[in-house]
Amino acid sequence: MLNVKKQDVMFTGIQPTGLLTLGNYCGTMCNWKIIQKKYQCFFCIADLHALTTRSYDHSIKYNFSANILDMVALYLACGVSPYDSIIFVQSHVYTHSQLYWILSNFVYFGELSRMTQFKKKISTYKKNINLSLFCYPVLMAADILLYQTNYVSVGSDQKQHVELVKKIARRFNSIYGDVFIIPDILITSRECKIMALQEPTKKMSKSDNNKNNTIFLLDNLDVIRLKLLQSLTDSDPLSRIKYNIYDKPGISNLLSILSFLTQQNISALEYEFKNYRYFDFKKQLSDIVCDTISKIQKLYFKFREDENYLIDILKFGAKKSLIYSKKNLFSVLQVLDL
Ligand code: AMP
Ligand code: TRP
């Protein structure tokens with residue numbers, strides 16, 4: 001059995017709401033190969049969270065299970081090792097929903113109403129503002145606190161949720177003693193938020209209706225090139241490659257991507273590309289993006305071929321996660337006298 005007690009624990013989750021994107025990669029996944037050496041890592045596929053934005057239109061096919069296997073293969077392609085880490089599906093481990101209910105008693109309506117992601121989602125999903133959309137961060141708290149997590153690896157857009165998780169844990173501990181470890185957020189070494197290619201003031205997202213906004217890790221390389229070449233910039237007559245998110249959100253986003261992938265800082269890139277036209281800059285960027293993604297894709301296709309292997313990883317992951325989380329759930333039940 002994996003010895004989760006001896007080391008610090010890192011927990012992270014991604015919803016299987018669609019294929020993973022360059023945003024997911026830069027925001028969190030690129031870090032995983034390194035951090036799994038340092039921490040006992042739990043990589044959760046948050047399918048219960050994904051239900052919150054599911055439509056009741058039965059003509060829509062979600063392909064949850066295929067999506068989940070794609071995700072596992074991509075996790076492996078990004079360097080996650082099933083021997084070092086635990087990969088599992090949230091709904092396979094019942095303790096998550098149970099702790100979720102318990103923790104809801106320690107969160108206030110006002111706190112959940114202030115969540116930026118909730119506010120954004122209710123404007124996107126106007127016809128399906130369900131209770132779970134509102135309680136989404138409480139389930140996230142259960143995910144994290146069940147494993148006595150020390151670190152949560154997420155992109156910067158999830159900071160507010162992790163702050164709330166810490167607040168919930170502190171509140172619970174202040175009443176019942178040191179039941180939960182207070183987790184810390186682990187942001188990638190170069191914090192970044194990748195924006196949508198055609199609407200660079202909003203986040204690149206896997207569930208965006210406009211597919212030209214998003215680079216999917218499994219997009220054909222020619223498609224990726226085209227999406228980048230056609231990405232929205234601005235009408236600056238001098239076509240300056242300058243980072244300024246207010247005047248030049250498009251170019252700033254492309255610079256962020258390049259900076260992230262080349263590990264060069266933005267000012268060095270501004271200098272390097274100062275005599276380039278937008279089109280030539282985009283061409284260089286697309287070479288670098290395609291180079292990174294093609295390496296991931298090669299590995300992905302190798303792993304994706306063997307579905308039984310991927311399913312075994314998830315079964316093993318669920319078994320281990322259940323053993324570990326059950327112990328913590330029982331401590332919670334005990335202090336609550338349940
Ligand atoms: P999601 O795709 O919303 O389930 O997010 C999964 C993880 O990827 C979270 O840690 C997010 O913070 C991160 N992430 C998603 N999209 C982006 C993005 N456009 N830029 C940076 N990080 C992102
Ligand atoms: N809410 C996260 C997101 O949308 C996904 C997630 C679910 C998660 N449970 C988690 C992330 C626990 C970190 C820890 O990106």
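How far does a polar side-chain atom of Q158 lie from a nitrogen atom of ligand 2? I would like to start there, and I should say at once that what we are looking at is a predicted model, so please keep that in mind throughout. The answer is 3.2 Å, from the polar side-chain atom of Q158 to the nitrogen atom of ligand 2.

Q158 has company here, because two further side chains make a polar contact with the ligand, a term we use for N or O atoms within 3.5 Å of each other. In Y136, a polar side-chain atom is 2.7 Å from a nitrogen atom of ligand 2, and for D143 the distance between an N or O atom of the side chain and a nitrogen atom of the ligand is likewise 2.7 Å. As for how much of the ligand is covered, ligand 2 on its own has 370 Å² of accessible area, and the protein covers 91% of that.

Let me now step back to the whole shell. There are 13 residues around ligand 2, and those that come nearest are Q15, Y136, M140, D143 and Q158. If we sort the shell by residue type, we find seven nonpolar residues, five polar ones and one charged one. Which elements supply at least two residues each? They are the strand β1, residues 9-14, and the helix α8, residues 131-145, and of the contributions to this shell that of α8 is the most, at four residues.

My next topic is the cysteines. How many disulfides does the model hold? The count is zero, and two examples let us follow the reasoning, for which we need the cut-off that two cysteine sulfur atoms must lie within 2.5 Å. Take C44, whose closest cysteine sulfur belongs to C41 and is 13 Å away, so the two are too far apart for a bond. C44 is also buried, since its relative accessibility is 1%. For C78 the closest cysteine sulfur is in C30, and because the distance is 8.4 Å, that pair too is too far apart for a bond. C78 counts as buried as well, with a relative accessibility of 10%.

Finally, I would point you to K37, which sits in helix α2, residues 32-38. Is K37 buried or exposed? K37 is exposed, because its relative accessible area is 63%, and exposed here means over 50%. Its C-alpha atom is 30 Å from that of L285, a residue 248 positions away along the chain.

Note on methods: Residues are numbered from 1 along each chain as its sequence is written. Chains are lettered from A and ligands numbered from 1 in the order in which they are written. This is a predicted model: local features need pLDDT of at least 70, side-chain atom pairs count only at pLDDT 80 or more; totals for chains, interfaces and linings use all residues. Side-chain values use heavy atoms; hydrogens and water are left out. A residue is near a molecule or strand if one of its heavy atoms lies within 4 Å of it. A polar contact is a pair of N or O atoms within 3.5 Å; within protein, one must be able to donate a hydrogen and the other to accept it, and residues adjacent in sequence count only if both atoms are side-chain atoms. Accessible areas come from the Shrake-Rupley method with a 1.4 Å probe; for residues, only the protein chains shown count as cover. Ala, Val, Leu, Ile, Met, Phe, Trp, Tyr, Cys and Pro count as nonpolar, Asp, Glu, Lys and Arg as charged, and the others, Gly among them, as polar. Buried means under 20% relative accessible area, exposed over 50%, partly exposed in between (1.4 Å probe, protein chains only).
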